[in-house]
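Trainee: Please pick one part of this model and take me through it closely. Set it against the rest of the chain as you go.

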Amino acid sequence: MSPHIEQESPASILDQDLYKFCMQQAILEHYPNVVVEYGFVNRDPSTRFSKASFEWLRARVMGFSALAIKDDELEYLRSTCPYLSSAYLEYLSAFRFNPEEEVACSLDEATGELHLRINGRWSQVILYEVPLLSLISEAYFKFVDTDWNYDRQREHIVQKGKKLAAAGCRFAEFGTRRRRNFKTQDIVMSGLMEVPRDGPGLVTGTSNMYLARKYGVSPVGTVGHEWTMGIAALEGTYENGNSLALKKWHSTFNGSLGIALTDTFGTKAFFANFDHDLASKYAGVRHDSGDPFAFIESVHSHYRSIGIDPATKVIVFSDGLDPDSAIAIKSHCEKFGLSCSFGIGTNFTNDFKCASDPSQKSKAVNIVIKLFRCNDRHCVKLSDVKSKHTGNLDEVKRAQSELSLSGLLVE
């Protein structure tokens, strides 16, 4: 096993989260010619970028044009991910990024505000989001906020991993998009390899394909909000957007990758679509916003209401977790007889102290890249947390109106 390294990103097309490859396959099957626009959103107004950070970032973005999957990487996907079809892997073997035409980025030097848009066929440009977010974070901490270091990083992650495992938590590393840089995520995975595998809990894998391969663990993933957002926009329905997305996903993967994302248009709208037929086909659901304890009770109640034993299903939690919150959530799941697992991102790959004053936390960036349009139709997300709503404001209101008229809007 090679030591953690200072990798010049992007170095491999596999330095990417599993679910993006899976969504690319599904999009090629169902919506191969749809044209989309993604936009960068900085949720923290205090995060501003310098000219040096922007120039470094722009050079890295242009470097995507040199990325291509290697024969051994393709064979790894073929042997490790049987749900990725031969037709898709053939497509991926010839896949190339074209950042000059697909990515537009600029910097307002007066304000330090970064602007970034991605345009192109959905099937072509879907792989940009995760590596771009990781590069934007890296640029910020390489040139703007440099008051941090790696002191005790590996020690801390080993402690976190062992604490989770001792409490019986099954958990995966989900930190690619949130990482401070590649080296940090590599340190995290190296440390998690010290977590005992014979205890009550364990490390189930990582979302990052490159690091899953390097450390010999399972690649782990579900599905992103953009899948449901795009389908609802293209098919013209928020009321039934979840069910359409779930049915199309299942038709592609036939039960593999069977964790349903619940909060694209709020959990009330999701549960209205998640009938006995769909709930029987999916192994469980994923929580990504809102009160996790109330969510557990809602999931338990919903499964029982449609005649499914909640004990046969699992909840995957992935919303801003740390070891203490995961352990508390697990305890609540046990009260309702529900299995659970956890995907932990920022707390693993962007949890640092200030070098000048280790008593102070080095704040992680709060950034996202969201799907804005599909074939010139606005795409929106109505999270269970209003501050996480994204998309055109008029379209957000229209979606809320449609769901409200159907009694499916969480007030």
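Mentor: What follows is a close look at one helix, framed by the whole chain and by a few other sites.

Keep one thing in mind: this is a predicted model. Start with the frame. The chain holds 18 helices and 13 strands. Its C-alpha atoms fill a box of roughly 55 × 50 × 45 Å along the principal axes. Is that chain compact? Compare two numbers. A compact globule of 411 residues would have a radius of gyration near 22 Å, and the chain has 21 Å, so the two agree. Contacts add to this. Count those with a sequence separation of 6 or more, and 79% of them join residues 24 or more positions apart. Buried residues make up 57% of the 411. Hold on to that last figure for the helix.

Now the part itself. Helix α11 covers residues 225-235 and is mostly covered: 10 of its 11 residues are buried. Buried here means under 20% relative accessible area. Read along the helix. H225, E226 and W227 are buried. T228, M229 and G230 are buried too. I231, A232, A233 and L234 complete the buried set. Note the mix of side chains in that list: E226 and H225 appear in it alongside I231 and L234.

Which faces does that burial involve? An α-helix has 3.6 residues a turn, so residues three or four places apart point the same way. Ten neighbours in a row therefore cannot all point one way. In α11 the buried run goes from H225 through L234. The cover is thus not confined to one face, because the 10 buried residues of α11 follow one another along the helix.

Look at how the helix ends. G236 follows α11, and its phi is positive, near 70°. Two other residues with positive phi are not glycines. L257 has phi near 55°. D376 has phi near 65°. Both sit in loops, L257 between α12 (241-253) and β6 (259-261), and D376 between β12 (367-374) and β13 (377-378). Their surroundings are at opposite ends of the scale. L257 has 13% relative accessibility, so this residue counts as buried. D376 has a relative accessible area of 67%, so that residue is exposed.

The loop of L257 has another useful site. N254 lies between α12 and β6 as well. At 61% relative accessibility, N254 counts as exposed. Its C-alpha atom is 8.5 Å from that of K281, 27 residues apart along the chain.

Next, set α11 against other helices. Y210 is in α10, residues 209-215. Its relative accessibility is 24%, so Y210 counts as partly exposed. The C-alpha atoms of Y210 and D17 are separated by 8.7 Å, although their positions lie 193 residues apart in sequence terms. Y210 also turns up in the contacts of S12. Leaving aside neighbours within four places, S12 is in contact with L67, E73 and Y210. S12 lies in the segment before α1 (18-30). At 6% relative accessibility, S12 counts as buried. Its C-alpha atom is 23 Å from that of I367. Helix α16, residues 323-335, contains S325. With 24% relative accessible area, S325 is partly exposed. From S325 to K214 the C-alpha separation is 29 Å.

Aromatic rings give one more view of buried sites. A search of the whole structure finds 27 aromatic pairs. The rings of F95 and F97 have centres 5.0 Å apart and planes at 80°, so that pair is edge-to-face. Both residues are buried. Y140 and F141 have ring centres 5.0 Å apart and planes at 90°, so they are edge-to-face too. Y140 and F141 are buried as well. These two belong to one aromatic cluster with F49, W148, Y150 and F352.

Last, the outside. The chain exposes about 16,500 Å², with 47% supplied by carbon and sulfur atoms. The mean positions of its 46 positive and 51 negative charges are 2 Å apart. Back to the helix to close: 10 of the 11 residues of α11 are buried.

Note on methods:
Residues are numbered from 1 along each chain as its sequence is written. Side-chain values use heavy atoms; hydrogens and water are left out. Helices (H or I, at least four residues) and strands (E, at least two) are DSSP runs, numbered from the N terminus. The radius of gyration is taken over C-alpha atoms; the globule rule is 2.2 Å times the number of residues to the power 0.38. Buried means under 20% relative accessible area, exposed over 50%, partly exposed in between (1.4 Å probe, protein chains only). Contact means heavy atoms within 4.5 Å. Accessible areas come from the Shrake-Rupley method with a 1.4 Å probe; for residues, only the protein chains shown count as cover. Lys and Arg count as positive and Asp and Glu as negative; His and the chain ends are not counted. The place of a charge is taken as NZ of Lys, CZ of Arg, CG of Asp or CD of Glu. Rings of Phe, Tyr and Trp (its six-membered ring) pair if their centres lie within 6.5 Å; planes under 30 degrees apart count as stacked, over 60 as edge-to-face and the rest as tilted.
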